[in-house]
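Here are a few exercises to work through with the model open. Try each task before you read its solution.

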Amino acid sequence: MGKIRFIIALTALSLAACGSGKTNTEKSQYKKILNVSYDVSRDFFKAYNPLFIEHFSRNHPHIDLHIQQSHGGSSKQAMSVANGLPADVVTMNQTSDIDSLQQRGLVKSDWTQRLPNNAVPFSSVTVFLVRKGNPQNVYDWADLARDNLQVVFANPKTSGNGRYAFLGAYGYGLKANNGNEADAKNFMRKLLNNVPMFENGSRAATTSFTQRQIGDVLITLENEANIVSHHLAPGQFDIVYPSYTVEAQTPVAVVDSVADKKDSAAISKEYLAFLWSKPAQELAAELYFRPSDKSILSANHADFPDLETFRPDETLGTWSYIMQKFFADGGMFDELTTTAK
């Protein structure tokens, strides 16, 4: 797949990610934007930002552009922006997090129509990461409800990755039980009974599983699982693809109220639009995100096996309904974790 760019981009980070590389003696206009993003997008944006700055500087040689990053649980990040974190752009992994900013007047209501594919440049799917050789024989969601198994994933109350993990399991429970919600909830109680703790964000959950040696299986996104198994800890873990899983979209938007005030709207729009460029889509594939460019996705088919997937907002209701039913205080997640033990 040509993962060499991944290594080159990360080694170039110390030079390029901080700015365009201009010397202090050159006359230029200093500009800075902040991208507030979710946990497991770190590796992508570490490589993407220098790529974009190189492209941007060719077209705007008089601007010395610097890009700052902030990462954490997706909903926690959205709340930080709502509470005043001056993000020029947000790059999240769930539509509801950007919708919450739109409802507060920070993002304009047409944000999904400003960019292709409803402002989703690439996507991922929820998979399992297990220890090398799969010693616990974990092959599908049903295995996660077995006795004497520990399951790790991020807290769905604060993490988009955690919500996808919960919804992926629940969606499987519905499918396996012919849509019977009571049986699906019983399955979820058994699975949640196997969760020793919930981390606030997905990268923290990854750290607990891989470095602190907590748990037998980590439920996470495909891109995160591949980064761990191929780059961070090669030879130590295997990826398991369940029979039916959830598609995780990664919507992006300009935070209009901030960008207008900082006079960064044009740069912010260009920053997001470049995510659909061929170099950015190829970078996404190299870092194991499923690109929206079908030709690039097809060219990397070996890394992205065909799966039966579902989108939560097409199967379980709108995101606002999902957030209320499953993750609001007193919702299904709270109910099931209270009764799981």
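**Exercise 1.** Work out how many residue pairs are in polar contact between domain 1 and domain 2, and which elements and residue classes domain 1 brings to that side.

*Solution.* Keep in mind that this is a predicted model. Start with the count: 9 residue pairs are in polar contact between domain 1 and domain 2, with both residues at pLDDT 80 or more. Next, look at where domain 1's touching side comes from: α3 (42–59), α4 and α5 (95–103) each give at least two residues to it. Finally, sort that side by class, and you get 1 nonpolar, 7 polar and 5 charged residues.

**Exercise 2.** Find how many salt bridges cross the interface of domain 1 and domain 2, and put an area on that interface.

*Solution.* The rule turns up 2 salt bridges across the interface. Now for the area: the two domains bury about 1,200 Å² between them, and 48% of that lies on carbon and sulfur atoms. On the domain 1 side, V40, N93 and Q94 supply 44% of the area buried against domain 2, more than any other three residues. As for residue counts, 13 from domain 1 are in contact with 18 from domain 2.

**Exercise 3.** Is Q77 buried or exposed? Place it in its helix and list what it touches.

*Solution.* First, the place: Q77 sits in helix α4, residues 74–82. Then the accessibility: Q77 has a relative value of 7%, and the cut-off for buried is under 20%, so Q77 counts as buried. Last, the neighbours: leaving out residues up to four places away in sequence, Q77 touches V36, S37, S70, H71, G72 and M92.

Key. Residues numbered from 1 in each chain as written. Predicted model: local features only at pLDDT ≥ 70, side-chain atom pairs only at ≥ 80, totals over all residues. Heavy atoms only, no water. Helix = DSSP H or I, 4+ residues; strand = E, 2+ residues; numbered from the N terminus. Buried < 20%, exposed > 50% of the residue type's maximum accessible area, 1.4 Å probe, protein only. Contact = heavy atoms within 4.5 Å. Buried area = accessible area lost by both parts, 1.4 Å probe. Salt bridge = Lys/Arg side-chain N within 4 Å of Asp/Glu carboxyl O. Polar contact = N/O pair within 3.5 Å; in protein donor to acceptor, adjacent residues only side chain to side chain. Nonpolar A, V, L, I, M, F, W, Y, C, P; charged D, E, K, R; others polar.
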